[in-house]
Amino acid sequence: MWWRLAHRRKTKHNKTELKRYFGARAVLGDQRPRQRNRQFHRSTWMTSPKDSWPRFSRPGISMTLLETKDGVHYFTFEHSREYQQVQFKFLDAVESMDPNNIVALLQLNPYHIDSLLQLSDVCRIQEDQEMARDLIERALYSFECAFHPLFSLTSGTSRLDYLRPENRAFYLALYKHMMFLEKRGCPRTALEYCKLILSLDPDSDPLCMLLLIDFLALRSREYQSVLQLYQDWEEHRNLSQLPNFAFSTALCHFHLSQQENMDPEESHKQRHKADQLLQIALIMFPCNFVIPFLMPLLDLCTVQPDAAVTSHSFFGPNSQIRQLPALAELTGLYVGRTCTLWREAAVMLWLEETVKEVLRRVDAKDPVVEDCQNKRKQRYQSAPRNIHRHVLLSEIKEATSTLPLEVTTQPVMGFDPLPPLDSVISYTRPESALSLFFRSLLPNFNIQVSQSTSVFF
């Protein structure tokens with residue numbers, strides 16, 4: 001089966017800082033005990049409605065089947081006229097830079113998706129993780145109640161075009177829910193959500209799930225699934241050019257070689273394959289890997305690092321300075337995300353041994369070293385927009401610090417980070433008094449751009 005969902009226990013809300021500041025009723029709506037649970041009748045897969053949620057009424061979101069081609073169904077979410085008006089009010093509230101206006105909007109429209117996503121970010125920043133998760137679950141419930149009868153979460157044959165703004169909130173709600181699951185120690189369930197997001201648009205992969213799926217699989221000890229994905233997708237997606245797959249496939253083979261029930265001959269084959277893959281990965285992506293991983297780990301384990309490694313130019317600071325920005329982004333993302341996977345003593349010692357072998361090959365002027373250097377120069381001049389979007393969503397400092405100026409100098413909206421430049425717009429927002437005011441101050445102010453790149457409070 002393409003994915004599965006783990007059962008999640010219901011939890012009661014604690015009194016959080018956001019509730020104390022805004023008031024529980026303002027955030028959650030009217031919750032009189034006699035009304036609880038009466039409005040929830042539909043059985044849903046992704047989340048279960050809670051007693052604390054406000055009365056559910058369809059907010060004006062529906063799903064339409066656009067076409068069916070080669071057994072694949074293409075859908076899109078649509079907004080009713082009433083929902084569009086709420087969306088315009090939401091954009092006005094965001095431009096006001098006052099979170100109270102988002103809360104007030106949610107009080108009247110408790111299942112407005114973008115308001116739920118935006119307020120969830122506020123809660124998370126204020127370290128109210130429980131409320132942040134709850135708001136995302138409420139958004140997912142609202143989406144699932146709008147599903148088309150043919151839309152399937154499990155078949156892998158349902159598609160949603162990320163170019164349509166109405167669909168993007170569903171991607172983001174799934175992503176945020178997935179990350180909450182991972183942080184709560186549910187990597188297997190998070191992995192299934194990752195597969196689901198990837199299945200919605202596997203060709204474009206707008207949130208770059210291919211930069212994350214290997215990590216979740218490794219955390220879930222699903223080593224064979226990583227190797228199978230690599231085998232199935234390498235030919236048409238060039239996964240070997242992604243640092244995360246280059247290192248993770250090596251790590252998978254290493255872990256398989258360590259399994260106690262494995263035949264000794266097979267174990268030897270797995271270890272040999274792991275050694276080969278890690279050497280190639282280190283030669284291809286040397287700059288941001290060894291210094292951040294190996295040196296601090298050896299220090300923590302009171303192991304004296306080899307001076308030949310720490311002083312060698314191949315892994316030293318100068319090589320990092322010369323690194324191409326796009327490659328720095330990818331390797332920084334992998335280093336920041338997977339450091340815990342390399343902290344095991346056996347893995348660390350394997351890495352140290354492999355580094356020494358790589359340096360021997362470098363000093364011997366192995367032609368593979370020059371070949372990898374030429375490939376780096378050709379392939380990693382700039383990163384596509386979906387990788388920048390993934391880095392922003394990841395909030396991993398090792399990666400966000402390498403983002404180019406064209407990304408870091410523009411404000412980014414949490415409910416629609418770096419929207420596609422060729423978005424398919426089904427309706428437009430009328431100019432508000434606030435936007436007209438901005439236009440009077442800034443001659444180059446563009447209302448369409450402001451809808452997706454306004455500063456958030």
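This is a conversation about how to read some features of a predicted model.

Colleague: What should I know about the model before I start?

Modeller: The model is predicted, so local features need pLDDT of at least 70 and side-chain atom pairs count only at pLDDT 80 or more, while totals for chains, interfaces and linings use all residues. Residues are numbered from 1 along each chain as its sequence is written, and side-chain values use heavy atoms, leaving out hydrogens and water.

Colleague: How many helices and strands are there in the protein?

Modeller: Helices (H or I, at least four residues) and strands (E, at least two) are DSSP runs, numbered from the N terminus. Here you have 23 helices and three strands.

Colleague: And how much of the protein is buried?

Modeller: Buried means under 20% relative accessible area, exposed means over 50%, and partly exposed is in between, using a 1.4 Å probe and protein chains only. Of the 457 residues, 54% count as buried. As for contacts (heavy atoms within 4.5 Å), take the ones between residues at least 6 apart in sequence: 74% of them join residues at least 24 apart.

Colleague: Let's try a helix pair. At what angle do H5 and H6 pack?

Modeller: The general idea is to fit axes as lines to C-alpha atoms, for helices over the stretch in contact, with angles from 0 to 180 degrees between N-to-C directions. Angles under 35 degrees count as roughly parallel, over 145 as roughly antiparallel, 65 to 115 as roughly perpendicular and the rest as oblique. Helix H5 (residues 113-125) and helix H6 (residues 129-144) pack at about 165°, with axes 7 Å apart. That's why H5 and H6 are roughly antiparallel.

Colleague: Which residues of H5 make the contact with H6?

Modeller: On the H5 side they are Ile113, Leu116, Leu117, Leu119, Ser120, Cys123 and Arg124. H6 brings several, including Leu135, Ile136 and Phe143. Sort them by class: Ala, Val, Leu, Ile, Met, Phe, Trp, Tyr, Cys and Pro are nonpolar, Asp, Glu, Lys and Arg are charged, and the others, Gly among them, are polar. The H5 contact with H6 then divides into eleven nonpolar, three polar and two charged residues.

Colleague: Does a general pattern help when I look along one helix?

Modeller: An α-helix has 3.6 residues a turn, so residues three or four places apart point the same way.

Colleague: How is H5 oriented to H7, roughly parallel or roughly antiparallel?

Modeller: The axes of H5 and H7 come within 10 Å and cross at roughly 30°. That makes H5 roughly parallel to H7. In this contact, Ile113, Asp114, Leu117, Ser120, Asp121 and Arg124 of H5 meet Ala169, Leu172, Ala173, Lys176 and Phe180 of H7. By class there are six nonpolar, one polar and four charged residues.

Colleague: Where does the H12 and H17 pair fit in?

Modeller: Helix H12 (residues 264-284) and helix H17 (residues 345-363) have axes that come within 9 Å and cross at roughly 60°, and H12 and H17 are therefore oblique to each other. The residues in their contact include Arg271 and Asp275 of H12, and Glu353 and Arg361 of H17. The contact of H12 with H17 holds nine nonpolar, two polar and five charged residues.

Colleague: Why is H19 described as largely enclosed?

Modeller: Eight of the ten residues of H19 (residues 385-394) are buried, so the rest of the structure largely encloses this helix. The buried residues, His388 and Leu393 among them, pack against helices H7, H16, H20 and H21.

Colleague: What can phi tell me?

Modeller: Most residues other than glycine have a negative phi. Asp70 is not a glycine, yet its phi is positive, about 55°. Asp70 sits in the loop between strands E1 (61-69) and E2 (72-79), and counts as exposed at 75% relative accessibility. Lys365 also has a positive phi of about 55°; its loop lies between H17 and H18, and Lys365 is exposed at 71%.

Colleague: Is the loop residue Ser220 buried or exposed?

Modeller: Ser220 is buried, with a relative accessible area of 3%. Its loop runs between H9 (213-219) and H10 (223-237). Setting aside neighbours within four places in sequence, Ser220 is in contact with Pro187, Arg188 and Leu191.
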